[in-house]
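Hi,

Here is the structure I promised to send over. Have a look at it first, and my notes follow underneath.

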Amino acid sequence: MHPIIRLVNRNLTISLNPGFLIWQVIFPLIYIFVAGYAYAPLINDVPFGGKDLDYPAFLASGMIGFNIMNSTLISGILIWNDRRHGMFEQIMSGPFTRSHYILSNICTIGIIGLVSASLIAVVGYPVFFESVEFSFITIPIIIFGAITGSILFGSLASIISTRIHSSEGFNVIINTVFLFFAFVSTAFYPADGAPEPLRTAFYLNPLTYLVDVIRAGIFGTITEFVIIEMIILVGIASVLFVIASKLLTKLDF
Amino acid sequence: MSCINVNHLSKSYGSVSAVDDIVLSVNSGQVFGFLGPNGAGKSTTIKLLTTLIPPSGGSLSVLGVDAVKNPLNVRHKIGVVLQQPSYEPTLTVEKSLDKYGMMWNVPKKIRKKRMEQLLQDFDLVEIRKKRNEDLSIGQRRRVQVAREFMHDMELLFLDEPTVGLDPSARRKLLDYLKNKVKTGLTIFYTTHILSEAEYLCDEIAIIDKGKIIAIDSPNALKSRFGKEKTIKIHLLETQSNISALLSGISDCKINFETGTNIIIHSEQSELVLLQVLKILNENNIQIEDLSAVPTNLEDIFLKMVRENASNN
């Protein structure tokens, strides 16, 4: 078995505990079925890519992107725990290179991101099935979004985990950053109609691009703007991945 | 045949030299002890030998492989138990062993068999279902050492593996290691518990301030550096004039404790003892107990480190 596969196996074993899986499903379920339907009378149809979506459908599709981001927190936690509990040094003294370690983390978050997206897609399907337009183009776009988003946010979490030394600092920073991403994005509400500064802030946030790409994949609304968003997503993910890899390579013992 | 060859190896952090031009060779199938006070450079040397950090200068070959050019090839052949604890908090003891074996690509059937054996050998059967985060420090240490035997290796690096273990677990581990060496394993053993080194090691290197100050077998070190013997005499009654009576004896250092204990340090201990006994006899002073303390590695170690410090 290839070293990266062995490390991915190990990463998945230590990351996927029942608590995490329940949290990954229950949390978005509450959003979709409680907040979605509770806000529906206040929020009329939401325009997206030439379609009018009802709010629960809009929110459920946004929760897929949100959940991908949330699940990639695992990447930071993995690196953090490995450093804190001596496993990083132990693994590096075994039959592995730093590249194996970095790539295994990326594969792990890619898998978790995909599974996470699929779970929410299944759970949220009854909410958005009326507007869904899957095709040979849209499904690969959803998969592309899930993987690119996982790499992007996983790299970000990895960067934070390599720079922060205290567990309190790590928790505070990672939660603050991810809370900002969650709420200053189009995951919960559309950018159209928001005050201009907030709208600008939405588009400084990579989660907005991820959510837009996922939505475009689900509702079959691939526009030029979505393609630009995909390119931006790839660009940011690549830059963050390179930075995370460099920082991981430089971690000393 | 030597399995570790180190030539003029050094490691510096800025202007601080953690390992300074060391030269050593470790023969296969033996336990090589690496001793030194805290901060002497033991762990840095282990990190260099296990390819965790690159050297600043010199060369090192491990199991015939250039460890600077081909670190991964070296790591495939060695096992490492580092000084710091290493564990996955949420895994149970048996899952830890199994996953560690999997990481080393050990087939599932062999993993299962080895795991059961190691659980018994390291007294882990009762805690096999416990999570690592719920274990005591000693239990966690036992799991950490046991885990390393899940995979095959030719050379094992142990950096203070008995830290946190109770005396019985410590002795059990040392005996386990002794048996492993009989099967052909080579062990590079770092400790500052000198009785362990004396019990286990075939050869010993003493490092201080990044430099190796002695390499030899424990017995050879004792005969080279441990000529001074210690004799303890316990008198039946307190003697106020004992210091004056023995003051004329040369070639020795005599300490008096509580008026009844005499401690003699000398390289000519037999001759000095005869003189002391003669004086005590002439003055009708009765002895309750007399013992000669054999020179141990600890005495030699402390002496050498002290001398090294004063030379610098």
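**What I found**

Let me start with a strand pair in chain B: β11 (residues 229-235) and β13 (residues 261-266) run antiparallel and are joined by 6 bridges. If you want a spot to click on, I233(B) sits opposite I262(B) in β13(B). Before you go further, keep in mind that this is a predicted model.

That pair belongs to an open sheet of 4 strands in chain B, with the order β12-β13-β11-β14 and antiparallel pairing. β12 (253-257) and β14 (287-293) of chain B are the edge strands, each pairing on one side only. On average, neighbouring strands in this sheet are turned by 15 degrees against each other, ignoring direction. Helix α10 (residues 269-282) of chain B packs on the sheet and touches β11, β13 and β14 of chain B. The direction of α10 makes about 150 degrees with that of β13(B).

Just after that helix comes a residue worth a look. N284(B) lies in the loop between α10 and β14 of chain B, and its phi is positive, about 50 degrees, although N284(B) is not a glycine. Is N284(B) buried or exposed? It counts as exposed, because N284(B) has 6 C-beta neighbours inside 10 Å and the cut-off for exposed is 12 or fewer.

**The other sheet in chain B**

There is another open sheet of 4 strands, with the order β2-β1-β4-β5 in chain B, and its pairing is antiparallel too. Here β2 and β5 (65-66) of chain B are the edge strands, and each pairs on one side only. Helix α1 (residues 42-49) of chain B packs on this sheet, where it touches β1, β2 and β4 of chain B. The direction of that helix makes about 60 degrees with that of β2(B).

Going through the pairs, strand β1 (residues 2-13) and strand β2 (residues 16-27) of chain B are antiparallel over 8 bridges. S12(B) stands opposite S17(B) in β2(B). The two strands make a hairpin with 2 residues between them. In that turn, G14(B) has a positive phi of about 65 degrees. β1(B) also pairs with strand β4 (residues 57-62) of chain B, again antiparallel, through 5 bridges. One place to see this is N5(B), whose bridge partner in β4(B) is S61(B).

As a quick reminder, strands of a sheet pair through backbone hydrogen bonds, either parallel or antiparallel.

One more backbone oddity: D123(B) has a positive phi near 50 degrees, and this residue is not a glycine either. You will find D123(B) in the loop between α4 (108-121) and α5 (137-148) of chain B. D123(B) counts as partly exposed because 14 C-beta neighbours lie inside 10 Å, with 12 or fewer needed for exposed and 20 or more for buried.

**Chain B as a whole**

Stepping back, chain B has 11 helices and 14 strands. Its C-alpha atoms fill a box of roughly 80 × 50 × 35 Å along the principal axes. Chain B has 312 residues, and 39% of them count as buried. Of the contacts in chain B between residues at least 6 apart in sequence, 68% join residues at least 24 apart.

The chain is divided into domain 1 (2-224) and domain 2 (228-294). How far apart are the centres of domain 1 and domain 2 of chain B? Taken over C-alpha atoms, 44 Å separate them.

**Chain A and where it meets chain B**

In chain A, I looked at helix α3 (residues 55-71). Its 17 residues should span 24 Å at 1.5 Å a residue, and the end C-alpha atoms are 24 Å apart, so the two values agree. α3(A) is also mostly covered, with 17 of its 17 residues buried.

Finally, the contact between the chains takes 18 residues from chain A and 22 residues from chain B. On the chain A side, α1 (3-15) and α5 (87-92) each supply at least two residues. α1(A) gives the most to that side, with 5 residues. By class, the side of chain A that touches chain B has 6 nonpolar, 9 polar and 3 charged residues.

Cheers

Key:
Residues numbered from 1 in each chain as written. Chains lettered and ligands numbered in written order. Predicted model: local features only at pLDDT ≥ 70, side-chain atom pairs only at ≥ 80, totals over all residues. Contact = placed C-beta atoms within 7 Å. Nonpolar A, V, L, I, M, F, W, Y, C, P; charged D, E, K, R; others polar. Domains from an automatic or database assignment. Expected span 1.5 Å × (residues − 1). Pairing = 2+ DSSP bridges. Axes fitted to C-alpha atoms, helices over the stretch in contact; angles between N-to-C directions.
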